[in-house]
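Biologist: Could you walk me through this structure at an easy pace? I'd like to understand the inside of it, and I may jump around a bit.

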Amino acid sequence: MASRLSIYKSALRYLGNAAGLSSLTEASPSRYALDDVWQEAGEYLLAKGLWNFAIRTVQLSEDEDVEPLFGYQYAFSKPTDWVRTAGIASEATFLGFEEYSDEAGYWYADCDTLYVRYISNDEEFGWNVGAWREPFAQAFACYLAFQCGLPLSSDKSNRNDLFNLFKTLLTEAKTLDAVDERVDRSPAGRLVKSRLAGGPLSGTRRGL
């Protein structure tokens with residue numbers, strides 16, 4: 001399970017500081033530097049992918065205080081914790097929907113209810129550090145190290161290496177996250193469908 005302290009320690013190891021930190025209250029230049037970029041780096045990383053741990057699904061009603069000037073009939077205010085959109089639909093099933101517009105802080109559509117899946121920076125979603133998988137946590141730690149590279153070290157070549165490593169770790173984290181989502185959403189096979197429907201295979205057992 002990831003934690004802020006474990007991520008700080010990893011970031012310092014990427015910078016060649018094996019001693020690391022003993023706590024998040026330790027008075028040291030390294031900790032102050034990491035504190036300074038923590039929030040900004042986190043918001044950047046959350047916006048870089050459609051992370052499963054950060055996805056939130058909501059049902060939105062029209063914003064009656066906003067009247068669209070033209071085009072679609074209804075306006076919907078984006079949630080305050082919205083980072084980027086993962087999906088929009090007129091029904092909770094999220095089956096194909098393209099009749100909407102995304103402008104500034106609003107979505108516009110001709111239906112009076114929208115269902116939205118989005119990356120959230122709420123503390124129970126995107127900023128729930130304990131829910132971060134290790135690949136994402138390591139990419140975050142490497143990005144922290146990159147951001148703090150010059151304040152903590154004068155080696156510019158090391159900073160370039162950190163950025164290249166960060167890109168590799170970020171790609172790996174995205175790939176693993178995408179694989180998890182495909183597994184979670186994989187369609188039922190013939191045997192499962194038959195059992196659910198009570199078909200001729202519903203009573204079969206392996207090896208019989």
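Modeller: Let me begin with a term we will need: a residue is called buried when its relative accessible area is under 20%. Please also keep in mind that this is a predicted model.

Biologist: Okay, then try it on Arg31: buried or exposed?

Modeller: Arg31 has a relative accessibility of 13%, so it counts as buried. This residue is found in helix H2.

Biologist: Which residues is Arg31 in contact with?

Modeller: If we leave aside its neighbours within four places in sequence, Arg31 is in contact with Tyr8, Leu21, Ser23, Leu24, Thr25 and Glu26. There is also a distance to look at, because the C-alpha atoms of Arg31 and Leu5 are separated by 9.8 Å, with their positions 26 residues apart along the chain.

Biologist: Tyr8 is in that list, so what is buried in H1?

Modeller: The buried residues of H1 are Ile7, Tyr8, Ser10, Ala11 and Leu12. Just after this helix comes Gly16, which takes a positive phi of about 85 degrees.

Biologist: Switching topic, how many residues are in the largest nonpolar core?

Modeller: The largest nonpolar core has 39 residues, and those with the most contacts inside it are Ile7, Trp38, Leu46, Trp51, Trp132, Phe140 and Leu144. Two or more residues come from each of helix H1 (4–14), helix H2 (29–47), helix H3 (134–152) and helix H4 (156–185), and the largest share, 11 residues, comes from H3. A second, separate core has 11 residues, including Val58, Leu60, Phe97 and Val116.

Biologist: Is there a general idea behind a core like that, and what is it?

Modeller: In soluble globular proteins, nonpolar side chains tend to be buried together.

Biologist: What does Trp38 touch?

Modeller: Not counting residues up to four places away in sequence, Trp38 touches Arg4, Ile7, Tyr8, Trp127, Val129, Trp132, Phe140 and Leu144. Trp38 has a relative accessibility of 5%, so it counts as buried.

Biologist: And how many aromatic pairs are there?

Modeller: The count comes to 21 aromatic pairs. One of them is formed by Trp38 and Trp127, and this pair is tilted, with 5.7 Å centre to centre and 45 degrees between the planes. Trp38 lies in helix H2 while Trp127 lies in the loop between strand S6 (113–120) and H3, so the pair ties together parts that are 89 residues apart in sequence. Trp127 is buried as well, with a relative accessible area of 12%.

Biologist: How do the rings of Trp51 and Phe53 sit, stacked or tilted?

Modeller: Trp51 and Phe53 form a stacked pair, with 6.3 Å centre to centre and 25 degrees between the planes, and both residues are buried. Ring pairs also link Tyr8, Trp38, Trp51, Phe53, Trp127, Trp132, Phe136 and Phe140 into a cluster.

Biologist: Last topic, empty space: how many cavities of 30 Å³ or more does a search find?

Modeller: A search of the whole structure finds 1 cavity of 30 Å³ or more, and the largest cavity has a volume of about 60 Å³.

Biologist: Which residues line the largest cavity?

Modeller: The lining is made by Trp51, Phe53, Arg133, Pro135, Phe136, Ala173, Leu176 and Asp177. H3 and H4 each supply at least two residues of this lining, and H4 gives the most, with 3 residues. By class, the lining has 6 nonpolar, no polar and 2 charged residues.

Definitions and conventions. Residues numbered from 1 in each chain as written. Predicted model: local features only at pLDDT ≥ 70, side-chain atom pairs only at ≥ 80, totals over all residues. Heavy atoms only, no water. Core = buried A, V, L, I, M, F, W, Y, C linked by side-chain atoms within 4.5 Å. Buried < 20%, exposed > 50% of the residue type's maximum accessible area, 1.4 Å probe, protein only. Helix = DSSP H or I, 4+ residues; strand = E, 2+ residues; numbered from the N terminus. Contact = heavy atoms within 4.5 Å. 1 Å grid on protein atoms, 1.4 Å probe; cavity = no way out; pocket = protein on both sides within 12 Å on 5 of 7 lines; lining within 4 Å. Points joined across faces, edges and corners; volume = space filled by probe spheres on them. Nonpolar A, V, L, I, M, F, W, Y, C, P; charged D, E, K, R; others polar. Phe/Tyr/Trp six-rings, centres within 6.5 Å; stacked < 30°, edge-to-face > 60°.
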